[in-house]
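Reader: I should be grateful for a close look at a single part of this model, set out in one connected account. Please begin with burial and possible covalent links, and then go on to charged pairs and backbone details.

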Amino acid sequence: MPTLPMFPLQMAMLPGEELPLRVFEPRYSALVQTCLAAEDPAFGVVLIAAGREVGGGDTRSDVGAVARIVEYADLGAGRYRLQCVMGERIRVVEWLPDNPYPTAVVQPWPDEPGDHVDAEDIRDIEDRMVALFEQIAEARGAQVNPRDIVAGADESADAAMWLYALTARLPMGQADRYAVLAAPTVAERVAALSDAVDTVVAMVRFQLSD
């Protein structure tokens, strides 16, 4: 199983998302230098479940994804500006000592076999999201087409990536994003995203009724 440099964040990053980063802390500057010297400039990203990474004492989630550096700028004095793209999902097998940056033994975690998912199941979630965006736009008097917000989410023709893309478009809490990421099967990911939509709808309705 591979060992990867790890970058804990306050956000659950999803496969297919872009991740811009500004790096200035010395240990993460060392992480970037290690990655740039490698054939595959990649590191793992996991959600900080509790606490703060800076200063230690954080609790790190054990499911994340691989980030690959596609562009970078060396700003000098150990500072970097990175543009990364999130790739395959991973699961942490063992955290190793931070020396100087977090490192972990990881394994790829593709979706496990599960119940069949029809495209209509995902279209239903998409339609509910559009209805939510229409409600928000109407309340704000915004001139937008809510359907544009979800447009292109299904371009990959892959159910898992379609669900990740829809998740990235929904303003939800990190616990809900992580639930979508950590769902073992595509069917369970459909259920997790559906629950997240229900949560956001209830929150928006409460706020609009206030």
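Author: The model is a predicted one. In it, cysteine 35 counts as buried, with a relative accessibility of 2%. Cysteine 84 is likewise buried, its relative accessible area being 0%. As to covalent links, a search of the whole structure returns zero disulfides. Cysteine 35 accordingly takes part in none, and the nearest cysteine sulfur, belonging to cysteine 84, is 8.5 Å away. Seen from the other side, the closest cysteine sulfur to that of cysteine 84 is the one in cysteine 35, and because the separation is 8.5 Å, the two are too far apart for a bond. The cut-off applied to a disulfide is a sulfur pair within 2.5 Å.

The charged side chains give another picture, for the search of the whole structure finds 14 salt bridges. In general terms, side chains of opposite charge can pair when their charged atoms come close. One of these pairs joins arginine 27 to glutamate 25, with 3.0 Å between the closest N and O atoms. Arginine 27 is buried at a relative accessible area of 17%, whereas glutamate 25, at 24%, is partly exposed.

Another pair is formed by arginine 60 and aspartate 98, whose closest N and O atoms are 3.1 Å apart. This salt bridge links distant parts of the chain: arginine 60 belongs to strand β4 (residues 59–76), while aspartate 98 sits in the loop between β5 (79–96) and β6 (103–108), and the two are 38 residues apart. Aspartate 98 is partly exposed, with 33% relative accessibility. The loop between β5 and β6 also holds proline 100. The peptide bond leading from asparagine 99 into proline 100 is cis, its omega lying near -5°.

A further salt bridge connects glutamate 126 with arginine 147, the closest N and O atoms being separated by 3.9 Å. Since glutamate 126 lies in helix α2 (residues 119–140) and arginine 147 in helix α3 (residues 146–150), the contact ties together parts that are 21 residues apart in sequence. The partners are set unlike one another with respect to solvent access: glutamate 126 is buried, at 4% relative accessible area, but arginine 147 is partly exposed, at 37%. Through shared partners, salt bridges bring Arg123, Glu126, Asp127, Arg147 and Asp154 into one network.

Turning to the strands, the side chains of β2 (residues 18–23) alternate between two faces. Leu19, Leu21 and Val23 point to one face and are buried, while Glu18, Pro20 and Arg22 point to the other and are not buried. Strand β2 pairs with β5 in the antiparallel sense, over six bridges. Opposite arginine 22 in this arrangement stands arginine 81, a residue of β5.

One backbone detail remains, in the loop between β4 and β5, where alanine 77 is found. Although alanine 77 is not a glycine, its phi is positive, at about 55°. Alanine 77 is also exposed, having a relative accessible area of 79%. By contrast, cysteine 35, with which this account began, is buried at 2% relative accessibility.

How values were computed. Residues numbered from 1 in each chain as written. Predicted model: local features only at pLDDT ≥ 70, side-chain atom pairs only at ≥ 80, totals over all residues. Heavy atoms only, no water. Salt bridge = Lys/Arg side-chain N within 4 Å of Asp/Glu carboxyl O. Buried < 20%, exposed > 50% of the residue type's maximum accessible area, 1.4 Å probe, protein only. Helix = DSSP H or I, 4+ residues; strand = E, 2+ residues; numbered from the N terminus. Pairing = 2+ DSSP bridges.
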